[in-house]
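Q: I would like to learn how to read a model of this kind, one feature at a time. Where should the reading begin?

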2 protein chains.
Amino acid sequence: MYIDRMSTSERLIESTRELLWERGYVGTSPKAILERAGAGQGSMYHHFKGKPDLALAAIRRTADEMRATAEGVLGGPGTPYERIAAYLRRERDVLRGCPVGRLTMDPDVIASDELRAPVDETLDWLRERLAGLFEEGQEQGQFAPHLDGEEIAAAIVATVQGGYVLARASGSPAAFDTGVRGLLALLAPPSTRGD
Amino acid sequence: MYIDRMSTSERLIESTRELLWERGYVGTSPKAILERAGAGQGSMYHHFKGKPDLALAAIRRTADEMRATAEGVLGGPGTPYERIAAYLRRERDVLRGCPVGRLTMDPDVIASDELRAPVDETLDWLRERLAGLFEEGQEQGQFAPHLDGEEIAAAIVATVQGGYVLARASGSPAAFDTGVRGLLALLAPPSTRGD
DNA sequence: GTCTATATAATGATAGAC
DNA sequence: GTCTATCATTATATAGAC
């Protein structure tokens, strides 16, 4: 939004964010970034040391945004189950994939500890946040006490990340929703049946 | 194995399979394929129309192999729950990711119906296979009757695919296993507790 | 069937003018 | 700060000798 009113440096970061989401790190060239940002070579190498440096700024911002979005739902109103369900059902651009998770399939991102760090930290934060919320629900008797919060949290995040894979493979968001419904059915307290 | 004893065409396909797994389609250049296969430009363009044609042969073979591996476990001995658990727990090169699923994050693969087809068909087959197996377990009273086989199957496949994402983000296979344990705990018939 | 040349465009970066 | 050269390398493919 209003990308034309941003500073050159901002336009470079925003253009990089879009391209990383669409094409990943390996598939994104400086040239494509510059074209989208409406900037020349000089600007990019003035503000950033190179492609990895610019990508790091873009990834950090995307990761921060994803965390804020998740917290918006997970920290919202409702019981723990309701908030987990709201997180799983929240509207997503499913066919575009997860702008953070998709980076884990990028060989150059995984090869760089610096580029991987924000991805790791974000998914790790998400798992811990969900684990805490699940344990809260357990204390309230909403979930079976024999379940492990960290395990359930990992299963939840994995279902979301894998849901993107299924959706993109089939070319339709349906598979994502189907998997989410399956997980929610397994998680649902008996009292919420037919929810 | 014995890649040096294969025909040139075979070596090209096998080298492409390895590189697609390691670096994806966008990150794999004909040059890298040729170097790994020990072949010249001419050989590749003699046997294949170009990069997409060679990649299609490689993807098809990888997809077939993955299906055979999955069927080996899902069609094996044991109750439906045991076979699903065996599938989820089977040994994997977790940090390398899924050679089929990772292709869904490749923009050029998703943009091509031809390249996407084997990926889609394989994951679709897997979901149907798991759904049938789950329903078999339901008939035997192993799983709750209110659960939907297709939904559970999608959640299972998504957990595996997303498990790779978590593992690669953290640089350790642990997160994959944690998610799988979480899902199995949710699926487990009461009689298998402590399994 | 395989090889080496050759071709055109893109990649990722640097130099230096303005 | 931004721009336009310029550069060495790689990507993807064709041509044609052997």
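Q: Which residues come nearest to DNA strand D?
A: The model is a predicted one. A residue is taken as near a strand if one of its heavy atoms lies within 4 Å of it. Here 16 residues surround DNA strand D, and A:Thr8, A:Gly42, A:His47, B:Pro30 and B:Gln41 come nearest.

Q: Of the atoms of DNA strand D within 4 Å of the protein, what percentage belongs to sugar or phosphate?
A: Sugar or phosphate holds 62% of those atoms, and bases hold the rest.

Q: Which polar contacts reach the phosphate oxygens of DNA strand D?
A: The general idea is to look for N or O atoms within 3.5 Å of each other. In this model, A:His47 places a polar side-chain atom 2.5 Å from a phosphate oxygen of DNA strand D. The side chain of B:Tyr45 has an N or O atom 3.2 Å from a phosphate oxygen of that strand. With B:Lys51, a backbone N or O atom lies 3.2 Å from a phosphate oxygen of DNA strand D.

Q: Which elements give two or more residues to the surface near DNA strand D?
A: They are helix H3 (41–47) of chain A, and helix H2 (30–37) and helix H3 (41–47) of chain B. H3(A) provides the largest share, five residues.

Q: How do the residues of the surface near DNA strand D divide into nonpolar, polar and charged?
A: Three are nonpolar, 11 are polar and two are charged.

Q: Which residues come nearest to DNA strand C?
A: The reading follows the pattern already used. There are 15 residues around DNA strand C, and A:Pro30, A:Gln41, B:Thr8, B:Gly42 and B:His47 come nearest. Of the atoms of DNA strand C that come within 4 Å of the protein, sugar and phosphate account for 63%.

Q: Which side chains make polar contacts with phosphate oxygens of DNA strand C?
A: Among them is A:Tyr45, with a side-chain N or O atom 3.1 Å from a phosphate oxygen of DNA strand C. B:Thr8 has a polar side-chain atom 2.6 Å from a phosphate oxygen of that strand. For B:Ser43, an N or O atom of the side chain is 3.1 Å from a phosphate oxygen of DNA strand C.

Q: Which elements supply at least two residues each to the surface near DNA strand C?
A: Helix H2 (30–37) and H3 of chain A do, together with H3 of chain B. H3(B) gives the largest share, five residues. The residues of this surface near DNA strand C comprise three nonpolar, 10 polar and two charged.

Q: What relates two copies of a chain?
A: In general, a rotation about an axis and a shift along it relate two copies of a chain. In this model, a rotation of 180 degrees with 0.0 Å of shift along its axis places chain B on chain A, with an RMSD of 0.0 Å. That is the relation of a two-fold axis. The C-alpha of chain B nearest the axis belongs to B:Gly162, at 2.0 Å from it.

Q: How many helices and strands are in chain A?
A: Chain A has nine helices and zero strands. Along the principal axes, its C-alpha atoms fill a box of roughly 60 × 35 × 30 Å. Of the 195 residues in chain A, 52% are buried.

Q: Is A:Gln138 buried or exposed?
A: The cut-off for buried is under 20% relative accessible area. A:Gln138 has 18% relative accessibility, so A:Gln138 counts as buried. A:Gln138 belongs to helix H7 (residues 113–139) of chain A. The side chain of A:Gln138 reaches the backbone oxygen of A:Ala144 at 2.9 Å.

Q: How many aromatic pairs are there over all chains?
A: Rings count as a pair if their centres lie within 6.5 Å. The count over all chains is six aromatic pairs. One of these is the stacked pair of A:Phe134 and A:Phe143, with 4.3 Å centre to centre and 15 degrees between the planes. A:Phe134 is buried at 0% relative accessibility, and A:Phe143 is buried with a relative accessible area of 6%. A:Tyr81, A:Phe134 and A:Phe143 form one aromatic cluster.

Q: Which residues lie over the face of a tyrosine ring?
A: Among them, A:Arg92 lies over the face of A:Tyr87, at 5.0 Å from the ring centre. In chain B, B:Lys51 lies over the face of B:Tyr25, at 4.4 Å from the ring centre. B:Lys51 also has the backbone N or O atom that lies 3.2 Å from a phosphate oxygen of DNA strand D.

Technical notes:
Residues are numbered from 1 along each chain as its sequence is written. Chains are lettered from A and ligands numbered from 1 in the order in which they are written. This is a predicted model: local features need pLDDT of at least 70, side-chain atom pairs count only at pLDDT 80 or more; totals for chains, interfaces and linings use all residues. Side-chain values use heavy atoms; hydrogens and water are left out. Rings of Phe, Tyr and Trp (its six-membered ring) pair if their centres lie within 6.5 Å; planes under 30 degrees apart count as stacked, over 60 as edge-to-face and the rest as tilted. Buried means under 20% relative accessible area, exposed over 50%, partly exposed in between (1.4 Å probe, protein chains only). A charge sits over a ring if NZ of Lys or CZ of Arg is within 6 Å of the ring centre and within 35 degrees of the ring normal. A polar contact is a pair of N or O atoms within 3.5 Å; within protein, one must be able to donate a hydrogen and the other to accept it, and residues adjacent in sequence count only if both atoms are side-chain atoms. Helices (H or I, at least four residues) and strands (E, at least two) are DSSP runs, numbered from the N terminus. Ala, Val, Leu, Ile, Met, Phe, Trp, Tyr, Cys and Pro count as nonpolar, Asp, Glu, Lys and Arg as charged, and the others, Gly among them, as polar. Copies are superposed by least squares on the C-alpha atoms of residues with pLDDT of at least 70 in both.
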